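User: Could you walk me through how the two chains in this one fit together?

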Amino acid sequence: MGVRTWIEGWPVYRQLTGTDPLGRGQAAQSARSAALEPRTKTADSVAKSVCPYCAVGCGQRVFVKDGKVTQIEGDPDSPISRGRLCPKGSASKSLVTSDRRIRTVLYRRPYAKDWEELDLDTAMEMIADRVVKARAETWEDKDDDGRPLNRTLGISSLGGATLDNEENYLIKKLFTAMGAIQIENQARI
Amino acid sequence: MAEAHPVGFQWVMEAKKRGATVIHVDPRYTRTSAVADQYVGLRVGSDIAFLGGVINYILQNELDFREYVVPYTNAATIVSERFADTEDLGGLFSGYNPDKGVYDPVSWQYEGQEQHAPSRGDTHMQRETGAGLQQESHGPPVPAGVNRDETLQHPRCVYQILKRHYARYTPEVVEQVCGVPREQFLKVCEAWTRNSGRERTTALVYSVGWTQHTVGVQYIRTGAIIQLLLGNMGRPGGGIMALRGHASIQGSTDIPTLFNLLPGYLPMPHFQQHETFDQWVDAIRHPGQKGFWNNARTYAVSLLKAYFGEHATADNDWGYDYLPRLTGDHGTYQQVLNMIDGKVKGYFLLGQNPAVGSAHGRAQRLGMANLDWLVVRDLYMIESATFWKDSPEIETGEIVTEECRTEVFFLPAASHVEKEGTFTQTQRMLQWREKALDPPQDCRSELWFFYHLGRLVRERLAASDLERDRAVMNLAWSYPTSGQHAEPDAEAVLKEINGYDVASSVPLSSYTQLKDDGSTACGCWIYSGVFADGVNQAARRKPGSEQSWVAPEWGWVWPANRRILYNRASADPHGVPWSPRKAYVWWDADKGEWTGHDNPDFEKTKEPSYRPAEDATGVAALRGDDAFIMQGDGKGWLYAPQGLIDGPLPTHYEPAESPLRNPLYAQQANPTRKVYDRPDNQLNPTPPDAHSEVFPYIFTTSRLTEHHTAGGMSRQLAYLSELQPAMFVEVSPALAEERGLEHLGWAHVVTGRAAVEARVMVTARLRPLRLDGRVIHQIWLPYHWGGSGLITGDSANDLFGITLDPNVLIQESKVGTCDIRPGRRPTGRALLDYIADYLRRAGLDASHYAPLETPGAGE
């Protein structure tokens with residue numbers, strides 16, 4: 001290494017002579033940090049998404065590499081958020097990738113003291129059985145004067161404000177056809 | 001707003017940079033107050049008195065925007081001579097019936113329309129079914145023809161009634177009720193009125209804590225009256241912005257997972273009111289009124305076609321008889337009480353955590369412990385899934401694991417990046433999310449869960465010949481699926497929501513194309529156009545920097561991609577912008593059409609000078625200057641002759657729990673509030689009842705930036721948990737001294753329902769108020785904590801009882817009374833004894849509940 005290279009490699013020299021007088025960019029860079037690439041550059045794909053927390057609807061870009069979410073950032077194109085995210089939105093990569101997230105079905109038998117594992121297909125069949133049974137046991141055809149009621153008050157549901165419109169649409173459609181009217185979500189709360 | 005909607009708040013700061021004055025009114029000094037030009041602290045629950053004072057200031061000084069008010073509002077409309085005001089009846093309006101606690105609103109009607117009033121029985125039904133919610137997209141029905149005095153001098157015109165009603169809300173009264181010094185109050189009035197008119201507009205922003213009051217709807221109405229009087233509606237930089245708290249809570253109201261609505265604010269059929277299809281449709285469209293609701297038959301038929309496909313025919317009234325019927329209140333709180341009473345067998349929780357997030361947490365958990373089965377679908381383990389082993393009631397012995405029969409299924413959900421679909425954000429904007437990757441292991445979308453649940457239920461009923469199963473079997477339930485998990489195609493569902501021509505399957509471009517002959521199907525008429533031209537309009541992502549300031553090519557806004565509703569009002573009656581700097585849409589006389597920066601909220605070629613024939617109805621009855629096209633009379637309503645359970649004008653009532661006697665009227669609290677008088681739902685005593693001193697303080701709750709609602713999506717995350725690690729309670733230095741509370745030490749807050757412990761923060765962010773000759777202290781708590789997660793703590797919502805707004809059945813969970821004591825709360829059985837002692841001292845027992853009407857009211 002020549003003296004000139006040595007001096008030019010010195011951050012203070014680069015800070016005083018270069019285009020970065022405050023020493024917050026190029027001047028402070030080491031060979032290692034200069035060679036680093038952001039995860040957003042090496043991603044296999046980017047999905048345009050929307051933050052799942054409050055109702056402002058900030059744009060997000062979701063970066064995926066090797067089948068894993070590697071980064072979630074604000075979308076600068078969004079006229080709503082202009083690339084910003086709040087602490088919650090910024091933490092939404094953890095929301096998706098945290099090892100505390102539950103990824104398998106859990107089942108608690110009546111009177112049991114703990115969870116047990118259950119196959120998803122089995123759980124679906126069991127839930128369908130219970131819906132059909134609860135509906136049959138609590139069905140109301142007509143009121144005392146013969147007016148139609150067509151319903152069950154034996155089934156309730158709460159939730160929807162964190163879900164997609166398409167999901168809410170199917171929920172309401174199915175429950176209505178089954179006569180289950182006790183469907184509510186956070187908008188009531 | 002800086003705290004709970006920080007990224008949206010950047011626009012407030014942009015406006016401030018450009019010279020806007022920012023005023024923040026809140027019981028507690030927050031991150032918003034810190035950057036506001038003026039902060040006004042007021043007593044929790046006194047907002048109508050404060051805003052009513054602003055109305056009085058406008059009217060006494062004649063500062064209303066008269067050229068806007070006369071043509072665009074109902075200020076000139078004459079009201080029935082039978083109407084009597086709260087000013088004459090001790091805080092009640094005419095027509096109160098103490099037996100049912102509802103009004104007979106016949107006397108509230110416009111002159112000559114008394115026969116169109118709903119009956120008292122109707123009003124009772126409307127309260128039980130939260131019928132006010134139907135008005136989210138339009139006004140309630142009134143006939144088109146009204147008597148008007150455009151000089152505003154008639155003693156019974158709305159303008160004069162308004163003036164008399166609010167005459168009592170003087171700056172002195174505002175100070176007395178709200179605890180706001182009059183100089184501060186007058187500064188707000190001056191700023192608001194000075195900044196409204198031809199050249200300037202003022203925006204009113206509220207967060208939905210406003211809805212969580214027994215007078216919540218009337219809070220918002222009071223704001224609406226001011227914004228109409230000052231000409232701030234339908235104009236850029238004006239309006240009323242509701243900041244909602246969940247990614248698609250607007251969407252879940254538009255396409256409702258709510259008991260009383262069908263998509264697009266059509267009512268769920270009521271067993272008496274809507275026995276037949278025609279009764280149902282006429283109840284929606286109200287033949288004879290003005291505006292677009294006259295086309296309700298096309299919306300209704302198209303919805304039933306979307307639901308039942310080929311099985312919806314003219315011969316079977318489009319399958320109307322398949323629909324279930326309401327008989328009364330089936331809301332979430334009624335359901336929970338029914339669970340406690342053993343009437344509900346199964347419960348689905350879909351991304352919602354009522355054990356922490358709903359009022360009266362103990363009732364929520366006791367209800368869930370008395371089900372046959374519970375299905376919880378969430379990303380993380382939440383308190384509502386584990387009540388049987390670690391709830392507060394396990395500690396007190398009220399729930400015993402080995403004796404709790406509830407069978408619980410926890411099914412992990414797909415996250416927002418693992419599925420595609422639309423959220424509707426708080427400005428009615430649908431934004432499509434692309435899917436980044438498949439959900440892991442057993443995680444699935446709600447779309448997957450409900451599509452396959454429907455498939456499995458249909459398999460089980462396929463051989464049934466029971467009448468009741470026909471609706472399920474005749475349901476149009478065929479959606480394309482793909483991938484290893486057979487995920488339904490969300491875009492196919494969005495196309496059904498948008499609507500299509502039945503014969504050709506071609507997507508519709510607008511709800512104006514809907515037919516009532518069965519040739520169109522449409523899952524939600526107000527969303528029609530989101531798939532216009534066969535293109536997913538919600539997926540549009542033209543960068544904001546590459547389009548106009550209205551940014552019409554980012555996402556899609558209902559209705560018709562219209563960014564500001566009622567924007568006809570941004571131009572004067574002749575169609576000319578009120579001022580060049582506030583131009584938004586206008587009449588182009590050369591082209592003979594409405595044009596501008598946004599999609600005009602008006603018939604495109606209807607001239608400003610158009611006047612309908614006398615017998616016209618529906619859209620044709622709208623004049624060229626009827627800017628409020630979804631209202632039965634085409635006007636913005638200062639006075640609401642119909643549609644509200646608790647009165648045509650907002651009036652200050654005390655919260656259901658208050659330490660103060662109402663300073664304005666003999667009537668203490670909203671006389672029509674929805675109550676559940678049960679021993680397990682005791683409310684703290686409030687004047688004129690004795691013993692309110694046992695719970696001498698007022699408390700309120702709200703959010704922190706770093707957490708989200710009941711914590712299921714935030715207390716599980718390391719960064720957020722580190723940023724806000726513990727439950728705390730804020731008190732003023734004066735209260736800390738009065739009760740011996742130590743900064744950073746422990747304290748517990750007590751109500752008739754629960755005792756909740758928290759770390760103490762002594763702070764000047766809360767200040768004591770001097771009211772009624774004494775000092776009133778207010779306490780603040782965040783409501784994010786519960787027993788699961790990386791950080792745990794007591795739940796503030798356990799403190800509340802259940803009392804609801806009569807219009808929309810939302811609970812009063814932003815104000816209550818309490819005591820606060822130093823140290824941690826008792827545990828185990830001792831906790832129950834501790835609360836029982838408070839109840840005994842407060843004289844609360846199962847034989848007495850607060851009366852709806854208080855002595856002296858009605859006189």
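Here are a few questions and answers on chain A and its partner.

Analyst: Quick ground rules: this is a predicted model, where local features need pLDDT of at least 70, side-chain atom pairs count only at pLDDT 80 or more, and totals for chains, interfaces and linings use all residues. Residues are numbered from 1 along each chain as its sequence is written, while chains are lettered from A and ligands numbered from 1 in the order in which they are written.

User: What radius of gyration does chain A have?

Analyst: The C-alpha trace spans about 100 × 40 × 30 Å along its principal axes. A compact globule of 189 residues would come out near 16 Å (over C-alpha atoms, by the rule 2.2 Å times the number of residues to the power 0.38). Chain A has 28 Å.

User: Which helix of chain A gives the most to the side that touches chain B?

Analyst: Counting contacts as C-beta atoms, placed from the backbone, within 7 Å, 99 residues of chain A meet 131 residues of chain B. With 13 residues, the top contributor (helices being DSSP H or I runs of at least four residues, strands E runs of at least two, numbered from the N terminus) spans residues 165-178 and is helix α8.

User: Which residue stands opposite S156(A)?

Analyst: Strand β7 (residues 148-158) of chain A and strand β9 (residues 346-350) of chain B run parallel, joined by four bridges; pairing takes at least two DSSP bridges. In β9(B), the residue opposite S156(A) is Y347(B).

Methods. Two residues are in contact if their C-beta atoms, placed from the backbone, lie within 7 Å.
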